[in-house]
Each structure stands twice: as C-alpha cells, then as structure tokens.
Amino acid sequence: MMTLTKKHRRIALGCEGSANKLGIGIILHEGTSLTTSTSTVLSNIRHTFVSPPGTGFLPKDTAAHHRAFFVRIALQALASANIPISEIDCICYTKGPGMGAPLTSVAIAARTLSLLWNKPLVGVNHCVGHIEMGRAITGASHPVVLYVSGGNTQVIAYAEQRYRIFGEALDIAVGNCLDRFARTLEISNDPAPGYNIEQLAKQGGRVLLDLPYAVKGMDCSFSGILTRADELAAHMKNGGKGPDGEPFTPADLCFSLQETIFAMLVEITERAMAHVGSSQVLIVGGVGCNERLQEMMGAMAAERGGSVYATDERFCIDNGIMIAHAGLLAYETGFETPVEESTCTQRFRTDEVLVKWRK
C-alpha cells in the first residue's frame, strides 16, 4: 500500500453512477501532508440519463445508459486530463448508497479498469464524496453539513473521525419529493426536474398554499407534504381555487412546496449548528444547487453571525470528481478495496465510514 511520504504527487480516477448521472473525474493531490496537500481537478465529465416528462428513471434503464456511455465518458475524461494511464495511482468507485443496478454497472466497469491497468481499487461512500468535495471547493473548515439530494436528506457534523448524522428524512428524501411532484405536474426532466421546479417557483408567490410542516425533533418527513401537494394539483386541474378565492397555478404550487420544505431544512440545520457550536453551513447534494434554499439558509446563518458555503452544479450534482477526491483521501491513509470485496450496496450510511484523513 502507498504511504503519503513516498509520493508527493498522486492522481485518482473516480467513477460515479449511483443514480441517473454517470460521472468520471480525475483529480491530482500534491504535497507531503494530508492537512496541507492541494487538490487540482484535471477533468470532470458527466452524462445524464433523462426520462420523458411525467416519468422517473427506472434502475434497469439507468444501468443500460451507464453501460452504454461508460467507455466514451472515460476516454473523454482521460483526454481532458491529458495524462497517461501510468500516472494514475488508483481507481475509485461509488460503493453506495444508491440504486442497485446503476451502482453495479459502474462498479463492474471500475473493477475492469483496475484489472486492465493493474491499479488498486477504492470503494467510496457517495455521501462522504459530496462532503469532501464541498469542503475542498469552498474551504469550509468545521461546518454543519446539509446533504440534500434525490436519495438522501441528512444534517451532519464531524466528530471523532466520523461524519455524525444529527437529523435525516424519516421517509422519502427532499429531492425525491421534488422529483415526484414534477411528475405530477408533468414537468420536463431535462436538465433536472428539481431545477425546473425551481424556475417555475420563481414565477409563483402570489399565494402560499397550506402544506403540512413535518419536523419531528431533528428529523423531517416529506411523504405527507407530497400527498397534499398532489391533492392540490388535482384540485387545480379541476378548476379549484386557492384560500383567497382565486385560481392558483403550477407556479404557486411549486413556490409553496419549496418554501415549506426548505423552511423545515433550515430549522433542523439551525438546531444542529447550536448543538455543535458551528457558525458554518455547507450545503451539498443536487438540491444544494437551489438558489432559494441557499438564500433561506443564508438568512438564518447571517442572523447567527455565520455563513453558508455551497458549490455550483459542477460539484453539487453527482459527479466523478467527488468520488476521485474522497477515494484518494482514503487511499493516502493506506486504504484499498480488494477486487474480491469490490461490491456495492444500496444502503451505506454516512456515519459508517472511518474518516482517517481528518484529525
């Protein structure tokens, strides 16, 4: 196994495919210390499986997409990085959590590269990948992390070499709530249903429709909110009126849904900040791109004398570079995944990972 002192320049190729994004990224770490080493993104290529409006992405179709595009995306990543294969130190892949069939497709492809190029494998927790990439890009030192995506909703803080979960969704993730409501309204999935809901919400705001507010301690529930939003959408399509006696629009529905669920996320994040004594919030995951969520979180943090850190769509949305970065951090501590253990799992909690690279 490699140790950090033997090589000052390390390169990893990361493969991500836990949902409908296939991403391959190549990252460079330079330096002799885990605390002072610098990171450089050499390439970050992504291709998205987009299903028709009113539908979601099925695991088998998403896996077929990843198999069809993997070689093309890998070649693009290598060409963009402009490095020989011989300089790559390890192949990193998403071990979980995620959708079983897409995860398996990419794990097999990563295993193939490892055997073909004689490079060690590193299995990476998808959630930890988001956190470490967010920390690297923003420079946040000791943040409370709000991880919000199509499959996960967690409030996290670091303690004793683990990313501890302080609160989470009790049922569906916040991104899944948004995606499924986009299907109800038959909103386009291109480039992403959540993004299109965000744009539609900007046109709403004439009326705030009443939706359940389901915060339970440090946890949230989104399934009841989705059910009520679906009922209101059906009411709207049948010519129903809002609480002010006037008709309401899809934009009003999207606005009301965002305002309600984001207020819930702000509440549990603020409570976590008070508990751990942090003045920083780092928002990661695909929903973290949402400007309204960042605005609401920023207002809360400002009242506490704190600040919010977030990245743009290159790093918020699932990507291969975050897997390369987190995998290389683990590899630098001596961690490798033997080929015979290079499986994947749909359930892989954030707090299961030993974060040896942080003190």
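**A walk through two sheets and what packs around them**

Start by selecting Gly-194, which sits in helix H5, residues 193–201. Bear in mind as you go that this is a predicted model. Gly-194 is one of the positions that UniProt, in an unreviewed entry, lists under the feature "binding site". To see the whole set, add Tyr-147, Val-148, Ser-149, Gly-150, Gly-151, Asp-179, Glu-198 and Asn-290, which come from that UniProt feature too.

**Stop one: Val-148**

From that set, keep Val-148 and colour strand S6, residues 144–148, where Val-148 is found. Is Val-148 buried or exposed? Val-148 is buried, and its relative accessible area is 0%. For the surroundings, leave out anything within four places in sequence and show the contacts of Val-148: Thr-153, Val-174, Leu-265 and Leu-293 are among them. The list also includes a run that is easy to select in one go, namely Ile-283, Val-284, Gly-285, Gly-286, Val-287 and Gly-288.

**Stop two: the sheet around S6**

Now bring up the sheet that S6 belongs to. Five strands make an open sheet with mixed pairing, and their order is S8-S7-S6-S11-S12. Which strands stand at the edges? Strand S8 (162–168) and strand S12 (307–310) do, and each has a single partner strand, so one side of each has no neighbour in the sheet. Direction ignored, neighbouring strands here are turned by 25° against each other on average.

Go to strand S11, residues 280–284, next. Five of its five residues are buried, so strand S11 is largely enclosed by the rest of the structure. Look at both faces: Gln-280, Leu-282 and Val-284 lie on one side, Val-281 and Ile-283 lie on the other, and all are buried.

Check how S11 pairs. S6 and S11 run parallel and are joined by four bridges; if you want a landmark, Val-144 stands opposite Val-281 in S11. S11 and S12 run parallel as well, and four bridges join them. Here the landmark is Gln-280, opposite Ser-307 in S12.

**Stop three: a tyrosine pair at S7 and S8**

Move along to strand S7, residues 153–159, which runs antiparallel to S8 and is joined to S8 by six bridges. Select Tyr-158 and you'll find Tyr-163 of S8 standing opposite. How many aromatic pairs turn up in a search of the whole structure? There is one, and these two tyrosines make it: Tyr-158 and Tyr-163 are edge-to-face, 5.6 Å centre to centre, with 65° between the planes.

Both rings belong to buried residues, but check each in turn. Tyr-163 has a relative accessible area of 2% and is buried. Tyr-158 comes in at 12% relative accessibility; since buried means under 20%, Tyr-158 counts as buried. Then add Arg-358 to the view: Arg-358 lies over the face of Tyr-158, 4.0 Å from the ring centre.

**Stop four: the second sheet**

Swing over to the other five-stranded sheet, an open one with mixed pairing and the order S3-S2-S1-S4-S5. Its edges are strand S3 (38–48) and strand S5 (121–125); each has a single partner strand, so one side of each is left without a neighbour in the sheet. Neighbouring strands of this sheet are turned against each other by 25° on average, direction ignored.

At the S3 edge, display strand S2, residues 21–30, which pairs with S3 in the antiparallel sense over 10 bridges. Ile-26 is a good marker, with Ser-43 as its bridge partner in S3.

Now show helix H2, residues 100–117. H2 lies across strand S1 (9–16), S2, strand S4 (90–96) and S5, and runs at about 160° to S4.

**Stop five: Pro-247 in its loop**

For a change of scene, pick Pro-247, in the loop between helix H6 (223–237) and helix H7 (250–276). Pro-247 is partly exposed, with 47% relative accessible area. Beyond four places in sequence, Pro-247 touches Arg-206, Gly-240 and Lys-241. Try a distance label from Pro-247 to Ile-261: 14 residues along the chain, and 23 Å between their C-alpha atoms.

**Last stop: zoom out**

Finish by selecting residues 44–324, which an unreviewed UniProt entry gives as "domain: Gcp-like". Over that stretch the chain is 49% helix and 17% strand. Label the two ends before you leave: the end C-alpha atoms are 10 Å apart.

Methods. Residues are numbered from 1 along each chain as its sequence is written. This is a predicted model: local features need pLDDT of at least 70, side-chain atom pairs count only at pLDDT 80 or more; totals for chains, interfaces and linings use all residues. Side-chain values use heavy atoms; hydrogens and water are left out. UniProt positions are given in the numbering used here, feature names are shortened, and annotations may be inferred rather than shown by experiment. Buried means under 20% relative accessible area, exposed over 50%, partly exposed in between (1.4 Å probe, protein chains only). Contact means heavy atoms within 4.5 Å. Two strands pair if DSSP finds at least two bridges between them. Axes are lines fitted to C-alpha atoms, for helices over the stretch in contact, and angles run from 0 to 180 degrees between N-to-C directions. Rings of Phe, Tyr and Trp (its six-membered ring) pair if their centres lie within 6.5 Å; planes under 30 degrees apart count as stacked, over 60 as edge-to-face and the rest as tilted. A charge sits over a ring if NZ of Lys or CZ of Arg is within 6 Å of the ring centre and within 35 degrees of the ring normal.
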